[in-house]
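Subject: The structure for you to look at

Hi,

Here is the structure I said I would pass on. Have it open while you read, and turn it around as you go.

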Amino acid sequence: MPVSAVDVISPAFVRTRRQLFQPFRAGRWARLAIVALVTGEFGGGGSCGGLSNAGFPARIRGRGRPGAVFSLAASDWHVPEHLWLWLVAGIIILLALGLAWIYAASVYRFILLDSVIYDRCDLLEGWRRWRGLGLHYFLWTVCFAVVVIGTLGLIIVAPILFAQRRGILIQPRQHLALLIGAGLLLFLVALLLIVTSAVIAVLTKDFVVPVMALQNVGVLDGWQRLLPMINTEKGAYTVYVLLKIVLAVGSAILFAIVHVIVVLLLLIPLGIIGVAIFGAVHMLALAWNALTIGLFILLCLVLLAGLLWTLSFVYAPGLVFFQSYSLYFLAPRYPALNALLWPPPPPIPPTAPQAVPVT
């Protein structure tokens, strides 16, 4: 039974090969691609394009002088009414969408765990099964992020305010050594906070989530069960985190190369689609207005979603491997998980005693 972080690499590869390639199931890969998209565990890229300003109103192009695209003259600035209301509404909508995505990612974290443990990937049934625990994980994630960001802001802002009140920032040349030393100290403290919070987030994702799933407990209860394991083997968990960083860097490089190849291959059909759309726009003599701009944005979003899904489809082996890697490391230290990954052999039925012939 593997124990160290090095020992679990081989069984993680074996489990990944068995679930994804023996046999190859396209539907399973497609659903895992959605899981990778929602959880954000994939390497992807985006595309951008430009719009000609020929069809925009003159107020937007500028009126300062003939042929000017933009004008910085004060008379050309036009601030719509209730601008701040629109800005606040936009911020609230973006915040709501971000929280909804974090909640979905929290639930899909358990769906990924369920998929790797039981070799299944049912998104709808998984959502119904894990949305309760996903809510616990979501609340912990949001609270943890608020605490980390607030602490980081306090570390940065409090010394600046202190230096401002003492007049140090008024004449910085006279306190150059103090400013350099304090800045270096603040950088080290902020870096320590970021690294510590990243390690906590990784341990929660890799080890607390399986405990939550198998014992139906919240995040804090999961940490209470995990901490004794960490205290018993601090060195083993340290090696796990360091080795996972190395594996993550190697995986990022490998899949970045694969993703570049995939994107290059997709440029041919995307180019054909782009030429067809350009020809249709030119033939119909369409002008840029609210409808055409909306359709163009919608088309870009569809193409971007398809590209990201394709890259996530390619990343399915990495997704399954890293989840398997964390599970095989935790299994020898957690009997409930160990029984699922290393089930005991079925009992051998007793054989009837053979009759001894009478002579």
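Below is what turned up, starting with the whole chain and then going down to single residues.

**The whole chain**

One thing to keep in mind from the start: this is a predicted model. The protein chain has 359 residues, and 30% of them count as buried. It has 11 helices and 0 strands, so if you read along the sequence, the pattern is simply α-α-α-α-α-α-α-α-α-α-α. Now take the contacts between residues at least 6 apart in sequence: 74% of these join residues at least 24 apart.

**Two helix pairs around α10**

Two packed helices are described by the angle between their axes and the distance between the axes. With that in mind, find α10, which covers residues 316–330.

Its pairing with α6 (residues 176–215) has an angle of about 65 degrees, with the axes 10 Å apart. An angle from 65 to 115 degrees counts as roughly perpendicular, and α6 and α10 are therefore roughly perpendicular to each other. The crossing of α6 past α10 is right-handed. Which residues of α6 and α10 make the contact? On the α6 side they are Asp206, Phe207 and Pro210, and on the α10 side Ser326, Leu327, Phe329 and Leu330. Sorted by class, the residues of this contact are 5 nonpolar, 1 polar and 1 charged.

The helix α10 also pairs with α2: their axes come within 9 Å and cross at roughly 70 degrees. That makes this pair roughly perpendicular too. Here Trp29, Leu32, Val35 and Ala36 of α2 meet Ala316, Pro317, Leu319 and Val320 of α10. The classes are easy to remember for this one: 8 nonpolar residues, with no polar and no charged ones.

**Salt bridges**

Side chains of opposite charge can pair when their charged atoms come close. The count for this model comes to 11 salt bridges, and here are a few to look up.

Start with Glu41 and Lys205, whose side chains meet in a salt bridge with an N to O distance of 3.7 Å. Glu41 sits in the loop between α2 and α3 (58–61) and Lys205 in helix α6, so this pair ties together parts that are 164 residues apart in sequence. Are these two buried or exposed? Both Glu41 and Lys205 are buried.

Lys205 also has a salt bridge to Asp206, at 2.9 Å from N to O. Lys205 has a relative accessible area of 19%, and the cut-off for buried is under 20%, so Lys205 counts as buried. Asp206 is buried as well, with a relative accessible area of 3%. You have met Asp206 before: it is one of the α6 residues in the contact with α10.

These pairs belong to a network of salt bridges that links Glu41, Arg109, Lys205, Asp206 and Lys244.

One more pair is worth a look. Arg333 forms a salt bridge with Glu233, with the closest N and O atoms 2.8 Å apart. Arg333 is in the loop between α10 and α11 (335–341) and Glu233 in the loop between α7 and α8 (234–284), so this pair links distant parts of the chain, 100 residues apart. Arg333 counts as buried at 12% relative accessibility, whereas Glu233 is partly exposed at 25%.

**Three backbone oddities**

Most residues other than glycine have a negative phi, and most peptide bonds are trans. Three places in this model go the other way.

- The peptide bond from Gln22 to Pro23 is cis, with omega near 5 degrees. You will find Pro23 in the loop between α1 (9–20) and α2 (26–39).
- Asp119 is not a glycine, yet has a positive phi of about 55 degrees. Its place is in the loop between α4 (83–118) and α5 (123–166), and with a relative accessible area of 33% Asp119 is partly exposed.
- Asn216 is not a glycine either, and its phi is also positive, at about 55 degrees. Look for Asn216 in the loop between α6 and α7 (219–232). At 60% relative accessibility, Asn216 counts as exposed.

If you have time for one spot, try Asp206, which is in the contact with α10 and in the salt-bridge network.

Cheers

Note on methods: Residues are numbered from 1 along each chain as its sequence is written. This is a predicted model: local features need pLDDT of at least 70, side-chain atom pairs count only at pLDDT 80 or more; totals for chains, interfaces and linings use all residues. Side-chain values use heavy atoms; hydrogens and water are left out. Axes are lines fitted to C-alpha atoms, for helices over the stretch in contact, and angles run from 0 to 180 degrees between N-to-C directions. Helices (H or I, at least four residues) and strands (E, at least two) are DSSP runs, numbered from the N terminus. Angles under 35 degrees count as roughly parallel, over 145 as roughly antiparallel, 65 to 115 as roughly perpendicular and the rest as oblique. A crossing is left-handed if the near helix is turned anticlockwise from the far one by less than a right angle, and right-handed if clockwise. Contact means heavy atoms within 4.5 Å. Ala, Val, Leu, Ile, Met, Phe, Trp, Tyr, Cys and Pro count as nonpolar, Asp, Glu, Lys and Arg as charged, and the others, Gly among them, as polar. Buried means under 20% relative accessible area, exposed over 50%, partly exposed in between (1.4 Å probe, protein chains only). A salt bridge is a side-chain nitrogen of Lys or Arg within 4 Å of a carboxyl oxygen of Asp or Glu.
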